[in-house]
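Thanks, everyone. Please bring the structure up on your screens, and I'll walk you through it.

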Amino acid sequence: MTREGMTSYSNFGVVGGGAWGTALAQMLAADGAPVRLWAREAEVVAAINAEHRNPLFLPGATLAPSLVATGELAGLAACDALLVVVPVPFLRAVLTDLPAGDAPLIFCSKGMEAESFAFPIDIAEQLCPARPLAVLSGPTFAHEVAAGLPTAITLAAADTATAEAIAGSLARPHFRPYVSTDLIGAEIGGAVKNILAIACGIVDGAGLGLNARAALISRGFAEMTRFGLSRGAQAETLAGLAGLGDLVLTCTSSNSRNFALGQGLGRGEEAARLMADRRTVAEGAFSAPVVAAAARADGIDMPITDAVARLVAGEIRAGEAIQALLSRPLRPEGR
Ligand SMILES: NC(=O)C1=CN([C@@H]2O[C@H](COP(=O)(O)OP(=O)(O)OC[C@H]3O[C@@H](n4cnc5c(N)ncnc54)[C@H](O)[C@@H]3O)[C@@H](O)[C@H]2O)C=CC1
Ligand SMILES: O=C(CO)COP(=O)(O)O
């Protein structure tokens, strides 16, 4: 896709050595391209450099030798573009420590920051206003991307030229970015689908059947659309890879950490116990109360998100949440 004369990036850095950062780094390095990855955990840096593996966050994947890890953010200073793959609650702190530069930042995390109600692009506009900014989001289980399985994804930037340059540089034979200028739509799709994946896991864990799951996906998509449109997202982005595409993926597979968390809640396990001692993130658990509060403040009706927020806070159990959703007044489908 990179046209003659178009900017292209060939020296990527990845900020974050969890499952998704590692998988993206591997996708880019698989053909021998140089990629540098910053990981917070010394054992992740050591395992990537010595054994070409990341057993802590992406067990089972063998990584390319051209993928080199560093424990210092300064180690990414020479990169010409940075994929930022830090869970949203920790994003502000990591961006604050990023060395100065003008390399584009491509945000790959899916969530909304507590209290500020900021999405990653909002945080970056405050902290790194001089850099080009983009969002990469879609139906992309990390282990499949690391294994080179076919994947399509949305790459959004404020202007088409930037989006095309980044998408062209990220594209690989089995990794196909679709270009968009709808940054907020891509961010809202990813953040809200995580919450709805928890809800679908609850339905599965409680044994409520596939009709109920299909109903939740449809009514959840209606919530995502109401929230997205109220914040300026485009309907076609929400109906695309970053919204509906990712919703379908994570609402139908226990490979999703959010779905798996919901399954535990649906079986009646306590939220606090399910959340304790986990090293991997289920971003939906962080962002459910944030999105619910933001929607409430804006007067947007998001009953499923609200129920998930109350469940992960331990305020109600799954049975009560399901009963509350089923007993809501009947309404036209378009609302
Ligand atoms: N795993 C996947 O298949 C996909 C994940 N994502 C998104 O990517 C983001 C990162 O998720 P994963 O890579 O899966 O994470 P993970 O669950 O594999 O690993 C947790 C990550 O959180 C980091 N972390 C923990 N405490 C931290 C702190 N105090 N400061 C900075 N970082 C800290 C760890 O270093 C590690 O990188 C999330 O927003 C997730 O929704 C998006 C697409 C696919
Ligand atoms: O976002 C994802 C796939 O697109 C990964 O979902 P989980 O974070 O629920 O595992």
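Let's start inside the sheet. L105 of β5 stands opposite L133 in β6. That pair belongs to a parallel pairing, in which β5 and β6 (residues 133-137) are joined over three bridges. One caution before I go on: this is a predicted model.

Now step back to the whole sheet. How many strands form it, and in what order? Eight strands make an open sheet, and the order is β3-β2-β1-β4-β5-β6-β7-β8. The pairing is mixed. β3 and β8 (175-180) are the edge strands, each with a single partner strand, so one side of each has no neighbour in the sheet. From one strand to the next, the twist averages 25°.

Let's go strand by strand, beginning with β1. Strand β1 covers residues 12-15 and pairs with β2 in the parallel sense, over four bridges. β1 also pairs with β4 (residues 81-84), again parallel and over four bridges. Look at V14. In β2, its bridge partner is L37. In β4, its bridge partner is L83. G13 has R36 as its bridge partner in β2. F12 stands opposite A81 in β4.

Are the residues of β1 buried or exposed? Buried, on both faces. F12 and V14 sit on one side, G13 and V15 on the other.

Next, β2, residues 35-38. Both of its faces are covered too. V35 and L37 are buried on one side, R36 and W38 on the other. Note R36 in particular: that arginine is among the buried residues. R36 is the bridge partner of G13, and R36 also stands opposite V68 in β3. That second contact is part of the β2 and β3 pairing, which is parallel over four bridges, with β3 at residues 67-70.

On to β4. A81 and L83 are buried on one side, L82 and V84 on the other, which leaves both faces covered. β4 runs parallel to β5 (residues 105-107), and three bridges join the two. Within that pairing, L83 stands opposite I106 in β5.

Now the connections. Which helices sit between these strands? Helix α1 (residues 19-29) comes with β1 and β2, in a right-handed β-α-β unit. Helix α2 (residues 42-51) does so with β2 and β3, and that unit is right-handed. Helix α3 (residues 88-97) makes a right-handed β-α-β unit with β4 and β5. As for placement, α2 lies across β2 and β3, and it runs at about 155° to β3.

Let's leave the sheet and turn to a helix pair. At what angle do α7 and α14 cross? Roughly 75°, with axes that come within 9 Å. Helix α7 is residues 183-205, and α14 is residues 303-312. An angle from 65 to 115 degrees counts as roughly perpendicular. That is why α7 and α14 are described as roughly perpendicular to each other.

Who makes the contact? From α7, it is I195, L196, I198 and A199. From α14, it is I304, T305 and V308. By type, the contact has six nonpolar residues, one polar and no charged. For the α14 side, remember the helix geometry. An α-helix has 3.6 residues a turn, so residues three or four places apart point the same way.

How covered is α14 as a whole? Mostly: eight of its ten residues are buried. They are I304, T305, D306, A307, V308, A309, L311 and V312. D306 is on that buried list, if you want a charged one to look at. And what covers these residues? The cover includes α7, α8 (210-230) and α11 (257-266). It also includes α12 (271-275), α13 (283-298) and α15 (318-326). After α14 comes G314, and its phi is positive, near 75°.

To recap, briefly. We have an eight-stranded open sheet with mixed pairing. β1, β2 and β4 are covered on both faces. Away from the sheet, α14 is mostly covered, and it crosses α7 at roughly 75°. Happy to take questions.

Note on methods. Residues are numbered from 1 along each chain as its sequence is written. Chains are lettered from A and ligands numbered from 1 in the order in which they are written. This is a predicted model: local features need pLDDT of at least 70, side-chain atom pairs count only at pLDDT 80 or more; totals for chains, interfaces and linings use all residues. A residue is buried if 20 or more other C-beta atoms lie within 10 Å of its own, exposed if 12 or fewer, and partly exposed in between; C-beta atoms are placed from the backbone. Two strands pair if DSSP finds at least two bridges between them. A crossover is right-handed if, with the strands pointing away from the viewer, the path from the first strand over the helix to the second runs clockwise. Axes are lines fitted to C-alpha atoms, for helices over the stretch in contact, and angles run from 0 to 180 degrees between N-to-C directions. Angles under 35 degrees count as roughly parallel, over 145 as roughly antiparallel, 65 to 115 as roughly perpendicular and the rest as oblique. Two residues are in contact if their C-beta atoms, placed from the backbone, lie within 7 Å.
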